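Please look over the structure shown here before reading on. The paragraphs that follow begin with a single helix and then widen the view to the chains and the place where they meet.

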Amino acid sequence: MKRTTKTLVVACGAVAAAFGVGAGTTPAQAQGKTITLCWAAWDPANALVELSKDFTAKSGIGMKFEFVPWTNYADRFLNELNSHGSLCDLIIGDSQWIGGAAENGQYVKLNDFFKKEGISMDDYMPATVVGYSEWPKNTPNYWALPAMGDAVGWTYRKDWFARPDVQKDFKAKYGREIGVPKTLDELKDIAQFFQGREIDGKKVYGASIYTERGSEGITMGVSNYLYDYGFKYDDPKKPYAMDGFVNSANAVKGLEAYKELYKCCTPPGASNSYMSEGLDAFKSGQVALQMNFFAFFPGLYKDPNVGGDKIGFFVNPAGPAAQATQLGGQGISVVSYSKNQPEALQYIKWFSGGDVQKKWWALGGYSCAKSVLNDPSFPSSAPFAKEFLQSMGMVVDFWAEPSYAQLLQAEQKRVHDYVVADKGTAQEALDGLVKDWKAIFKEEGKKF
Amino acid sequence: MNELSASSRITYRAVMVRPSVAHRIRGLSDRTLAWLFITPTIVLLLAINIFPLLWTIYLSFTNYRANRANVPTIWLGADWYQSILTDPDIWAAMQVTAHFVIWTVVIETVLGFGLAYLIDKKFRGHGIWTTIILLPMMLSPAVVGNFWTFLYQPQIGLFNYVVAFFTGRAASSFQMLGDVTLSPWAIVIVDAWMWTPYVMLICLAGLRSIPDYIYEAAEVDRASKWRQFWSITLPMALPFIMLAVLFRGIENFKMFDMVNLLTGGGPGSTTEVASITLKRAAFESWRTGYSSAFAIILFVTVFGLANIYVKALNKVKSR
């Protein structure tokens, strides 16, 4: 009797397994073909999960996702790549990783695959191809497909700007109408105007900007000022020659201006703020202006408290020397240690499709495909689409060298020491940065 | 034999076998048996402690980077050691570490001993108070780091409001974690809050180990409470206090998690203790050779200081 029951249970189990019965089981998983995609845990990742359902439906390949919060994203996945781990078949890695990942053989080179499948980099926005796919930069060596376009932009409280009392007071103080700032000086005026002001009985502050020390925050923030004031990573004619470019008199002024903004116009306790702290400050109605990546803007626009008519978006304003903004975003790469490379490549091929790219944008991801971005209807497709397009035309990225992490750490330390910890002068900070970067490049065997 | 039941047969076989195994084991010398027992432990120790240590020492003389395993490894001699010991940033990190270790150990020892002294009096409800006092050390440092970040938040943090209540300053007028002067103290306060109970426990064990008859003899000799404290309590509890200082000193010298969560080493590098610098060099910059040399320097420092301290502790105990 017992034996009969046992046989029945085993038989039922086998039948259930054979037909893929069970929660969340897909046909692909039943076939045993599942690939893992690694990325940061944020709004666009949720959009990608939604989008990828189409891939599974079409190819029969199941998708697993490994999403890690931004603060641990680089640590977690660079550890994974450096230890030759095969957790990720596909990785949406940060733009700065590309040099190291290419030179250390962690990403699969995609040139032959692109050629075979007819995927052309001419179909993508040039800045995203250089930023997310190429290594060495400006050479046709591709290690990723541009996946998620992004840049630093700004949000503002449109409803506060529209208040008659605000408009009246602002005009009285600055002699002009309050509006979207065109320059960094105007931005500071607005931030200063709102700092400590009472709105609906609540004390509010000027701006939330990036000041985070641990990973990359303050560098991603200060760069928007440095670029606008004339900072350059090196001599355009002589690579790695940094003297007079990183620490030029204009760059020094840019760094000083960022510190002034931090000191005058940020909420108390904003000494270690990055993306999520910025979102918190804006969503809780603390600040009039917020510096953040475009990737968050769809979510902010939908926010019931500060979204819709209450929020406006603008590109990083111009400085005395230029108008530029920090590149964000990532490309999607196939990991060399993956045991499912054919399936991972199949995903990339599918992802590059025109319809998929359109849906990607519609779901909240930022496509880099010209077919989406150059569509005449694109600028009006979302309240921040025009600004995104404009920003992608003026992006500058941090070093993408294999030693980028060291270069980044040096800037984090030098800039945070000056801006937040009041250590030394701006000139000393940038001179020190040049010294650090030279030492790193020297260790790398670079000549300059 | 054939008539024996199945269970009896098994017993019989066991009885037959037992003398032979026993005999074989008895044939081994004590020394061999001892080796037999400790060999697994030694192998494990060699594999997970000694080998990595030796490997780290080797790496500290090379240019090896864990993220570039394909690059040929070059022998650099003592270059890393020289560059670390002459690097002002490293010395700044060591100063931050020293500030953190010294102040946390002093505060925790004074408060821990004071609390142990009070709890030892066995007043009414002392059991509940002991449990309440011990609660912080039962929490994970990650949890402590996170919730103190909220407590220190200038606009909504309880800490700022308490300070504001007593000083009359506005709660948002100062920031514990973002201020260069206050942040080194902010991490000291959190560590003291969390680990004073641990020191208290060790001191309490010391106080409870003092026999009552010594106090009774002192009472007979009409020694004052003050005299009893200085002549009996403190000297007899001193080895325990010193042990607590040793444990906390070593632990705080390598403090990472809590400080990393509270300040990430900031503002600037104000709270960048040595272990944060080491982590950044090892797992963010991937300068494996460099960070190995730094780790060895830290190890030698802790090992050296701990040895000197243990000798002093032994002297106190032998008095």
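In this predicted model, a useful place to begin is helix α4(A), whose buried residues are Tyr73(A), Ala74(A), Phe77(A), Leu78(A), Glu80(A), Leu81(A) and Asn82(A). An α-helix has 3.6 residues a turn, so residues three or four places apart point the same way. The cover over the buried residues of α4(A) includes the strands β1 (34-40), β2 (62-68) and β3 (90-94) of chain A, together with the helix α5 (98-103) of that chain. In its geometry, α4(A) has 13 residues and reaches 19 Å from its first C-alpha to its last, which is close to the 18 Å expected at 1.5 Å a residue. After the helix comes His84(A), where phi is positive, near 60°.

Helix α9 of chain A, spanning residues 164-174, offers another case to examine: of its 11 residues the number buried is one, so the helix lies largely in the open. Just after α9(A), Gly175(A) takes a positive phi of about 70°.

How far the predictor trusts chain A can be read from its pLDDT, which averages 92, with 93% of the residues scoring at least 70. Over residues 1-30 of chain A, however, the pLDDT is below 50, and this stretch has 17 contacts in the model beyond near neighbours in sequence.

Turning to chain B, one finds 13 helices and zero strands. Its overall dimensions can be given in two ways: the radius of gyration of chain B is 28 Å, whereas a compact globule of 319 residues would have one near 20 Å, and the C-alpha atoms fill a box of roughly 95 × 75 × 45 Å along the principal axes. Buried residues make up 30% of the 319 residues in chain B. Among the contacts in chain B between residues at least 6 apart in sequence, 70% join residues at least 24 apart.

The two chains touch, and the contact takes 23 residues from chain A and 24 residues from chain B. On the side of chain A that touches chain B, α4 (70-82) and α19 (404-419) each supply at least two residues, so that the helix with which this account began returns here as part of the contact. The most is given by α19(A), with six residues. By character, the residues on this side of chain A divide into five nonpolar, 12 polar and six charged.

How values were computed. Residues numbered from 1 in each chain as written. Chains lettered and ligands numbered in written order. Predicted model: local features only at pLDDT ≥ 70, side-chain atom pairs only at ≥ 80, totals over all residues. Helix = DSSP H or I, 4+ residues; strand = E, 2+ residues; numbered from the N terminus. Rg over C-alpha atoms; globule rule 2.2 N^0.38 Å. Buried ≥ 20, exposed ≤ 12 C-beta atoms within 10 Å, placed from the backbone. Contact = placed C-beta atoms within 7 Å. Nonpolar A, V, L, I, M, F, W, Y, C, P; charged D, E, K, R; others polar. pLDDT = per-residue confidence, 0-100. Expected span 1.5 Å × (residues − 1).
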